[in-house]
Amino acid sequence: MARTGKSLGTVVRWDDEQGRGIVETPDLPGECWVDASVLRAGVPALRAGQVVDLEWEERDGGFRAVGVVPREDLQAGFGA
C-alpha cells in the first residue's frame, strides 16, 4: 500500500505549457510531482515560490500530489 500524507510545501518549478511542476516539503525525502489536474477548482496554475497545502502519495519510489491548494495567507512578497 502506498504511503499518503498532507504537508505544507513550496513550489520550486512550474511549467505552464505542460501544466505540471514540482513541490518540495521538509516532510518528504524527495520532490513531489504536481499535475494541473489536482489543483483546487479555479486555480489554473502555480508559480515558483508559492506556498501550498499538499496532499501526496508515494508511488513507485517517488511522490506525487493528489491535491494542491495555494495558501494565499502565507505568500511572501519582494523583500519579505
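A nonpolar core is a set of buried Ala, Val, Leu, Ile, Met, Phe, Trp, Tyr and Cys residues joined through side-chain atoms within 4.5 Å, where buried means under 20% relative accessible area with a 1.4 Å probe, protein chains only. The model is predicted, so that local features need pLDDT of at least 70 and side-chain atom pairs count only at pLDDT 80 or more, while totals for chains, interfaces and linings use all residues. Residues are numbered from 1 along each chain as its sequence is written, and side-chain values use heavy atoms, without hydrogens and water.

**Exercise 1.** Describe the largest nonpolar core and the contacts of Leu 54.

Solution. The core has 16 residues, and those touching the most other members are Cys 32, Val 34, Leu 39, Leu 46, Leu 54, Ala 65 and Val 68. At least two core residues come from each of β1 (4-15), β3 (32-35), β4 (51-59) and β5 (62-70), strands being DSSP runs (E, at least two residues) numbered from the N terminus. Leaving aside residues up to four places away in sequence, Leu 54 touches, among others, Val 23, Cys 32, Ala 65 and Val 68, contact meaning heavy atoms within 4.5 Å.

**Exercise 2.** Determine whether Gln 50 is buried or exposed, and locate its side chain's polar partner.

Solution. Gln 50 lies in the loop between β3 and β4. Gln 50 counts as buried because its relative accessibility is 3%. A polar atom of its side chain lies 3.1 Å from the backbone nitrogen of Arg 47.

**Exercise 3.** Classify the aromatic pair found in the whole structure.

Solution. The search finds 1 pair, formed by Trp 56 and Phe 63, with 5.6 Å centre to centre and 85° between the planes, hence edge-to-face (centres within 6.5 Å; planes over 60 degrees apart, against under 30 for stacked and the rest for tilted). Both Trp 56 and Phe 63 are buried.

Definitions and conventions:
Buried means under 20% relative accessible area, exposed over 50%, partly exposed in between (1.4 Å probe, protein chains only). Helices (H or I, at least four residues) and strands (E, at least two) are DSSP runs, numbered from the N terminus. A polar contact is a pair of N or O atoms within 3.5 Å; within protein, one must be able to donate a hydrogen and the other to accept it, and residues adjacent in sequence count only if both atoms are side-chain atoms. Rings of Phe, Tyr and Trp (its six-membered ring) pair if their centres lie within 6.5 Å; planes under 30 degrees apart count as stacked, over 60 as edge-to-face and the rest as tilted.
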